[in-house]
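Dear colleague,

I am passing on the structure we spoke about, and my notes on it follow below. Please keep the sequence and the model open side by side while you read.

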Amino acid sequence: MQPINGTPIPWYDIAGMVFLACLCLYFGLAAGSFSAGARRKLPSFVFNRGICFVLSAAFLLMALAKLLGWF
């Protein structure tokens with residue numbers, strides 16, 4: 001798969017963004033069941049579901065844009 005402008009697709013960038021999207025989705029779904037020790041060590045935004053879901057969607061949209069060659 002090559003974009004129209006002929007530059008190669010940056011698969012590592014896309015895979016990294018998909019990984020980050022999955023990580024944010026995991027934290028959004030599972031952060032409520034973390035132990036008290038983990039709650040002290042992790043940043044507070046990890047426990048906010050809305051932020052995690054928005055970050056996950058943003059990373060997926062960036063991966064899609066990179067795949068389509070928009071930036």
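To begin at Pro8, this residue lies in the segment before H1, and with a relative accessible area of 63% Pro8 is exposed. Please bear in mind throughout that this is a predicted model. Although Pro8 and Leu67 are separated by 59 residues in sequence, their C-alpha atoms are 9.9 Å apart in space.

A similar pairing involves Trp11, which belongs to helix H1 and is partly exposed, its relative accessible area being 49%. From Trp11 to Lys66 there are 55 residues in sequence, while the C-alpha to C-alpha distance is 9.0 Å.

How are the two helices H1 and H3 placed against each other? Helix H1, which covers residues 11-30, packs with H3 at an angle of about 165 degrees, and the two axes are 8 Å apart. Because an angle over 145 degrees counts as roughly antiparallel, H1 is described as roughly antiparallel to H3. Their crossing is left-handed, and the contact between H1 and H3 is made up, by class, of 18 nonpolar, 2 polar and 3 charged residues. On the H1 side the residues that meet H3 include Trp11, Asp13, Ile14, Met17, Ala21, Cys24, Leu25 and Phe27, and on the H3 side those that meet H1 include Arg49, Cys52, Ser56, Phe59, Lys66 and Leu67.

Two residues of H3 may be worth a look in turn. Ser56, placed in helix H3, has a relative accessible area of 6% and is therefore buried, since the cut-off for that word is under 20%. Leaving out residues up to four places away in sequence, Ser56 touches Ala21, Cys24 and Leu25.

Lys66 is likewise in helix H3, which spans residues 49-68, and, with a relative accessible area of 16%, Lys66 is buried. Not counting residues up to four places away in sequence, Lys66 touches Pro10, Asp13, Ile14, Met17 and Phe71. The last of these, Phe71, sits in the segment after H3 and counts as exposed, at 53% relative accessibility. When its neighbours within four places in sequence are set aside, Phe71 is in contact with Met62, Ala65 and Lys66, so that the contact with Lys66 appears in the list of either residue.

Which residues form the largest nonpolar core? That core has 6 residues, namely Phe27, Ala30, Ala31, Phe34, Val46 and Cys52. Within this group, Phe27 is in contact with Phe34, Val46 and Cys52, and also with Leu42, once its neighbours within four places in sequence are left aside.

Val46, another member of the core, is found in the loop between helix H2 (36-41) and H3. Is Val46 buried or exposed? With a relative accessible area of 5%, Val46 is buried, and, leaving aside neighbours within four places in sequence, its contacts are Phe27, Ala31 and Cys52. Val46 and Phe27 stand 19 residues apart in sequence, and their C-alpha atoms are 6.1 Å apart in space.

To draw these notes together, H1 and H3 pack in a roughly antiparallel way, Phe27 and Cys52 are among the residues through which they meet, and both Phe27 and Cys52 also belong to the largest nonpolar core.

With best wishes

Terms used
Residues are numbered from 1 along each chain as its sequence is written. This is a predicted model: local features need pLDDT of at least 70, side-chain atom pairs count only at pLDDT 80 or more; totals for chains, interfaces and linings use all residues. Side-chain values use heavy atoms; hydrogens and water are left out. Helices (H or I, at least four residues) and strands (E, at least two) are DSSP runs, numbered from the N terminus. Buried means under 20% relative accessible area, exposed over 50%, partly exposed in between (1.4 Å probe, protein chains only). Contact means heavy atoms within 4.5 Å. A nonpolar core is a set of buried Ala, Val, Leu, Ile, Met, Phe, Trp, Tyr and Cys residues joined through side-chain atoms within 4.5 Å. Axes are lines fitted to C-alpha atoms, for helices over the stretch in contact, and angles run from 0 to 180 degrees between N-to-C directions. Angles under 35 degrees count as roughly parallel, over 145 as roughly antiparallel, 65 to 115 as roughly perpendicular and the rest as oblique. A crossing is left-handed if the near helix is turned anticlockwise from the far one by less than a right angle, and right-handed if clockwise. Ala, Val, Leu, Ile, Met, Phe, Trp, Tyr, Cys and Pro count as nonpolar, Asp, Glu, Lys and Arg as charged, and the others, Gly among them, as polar.
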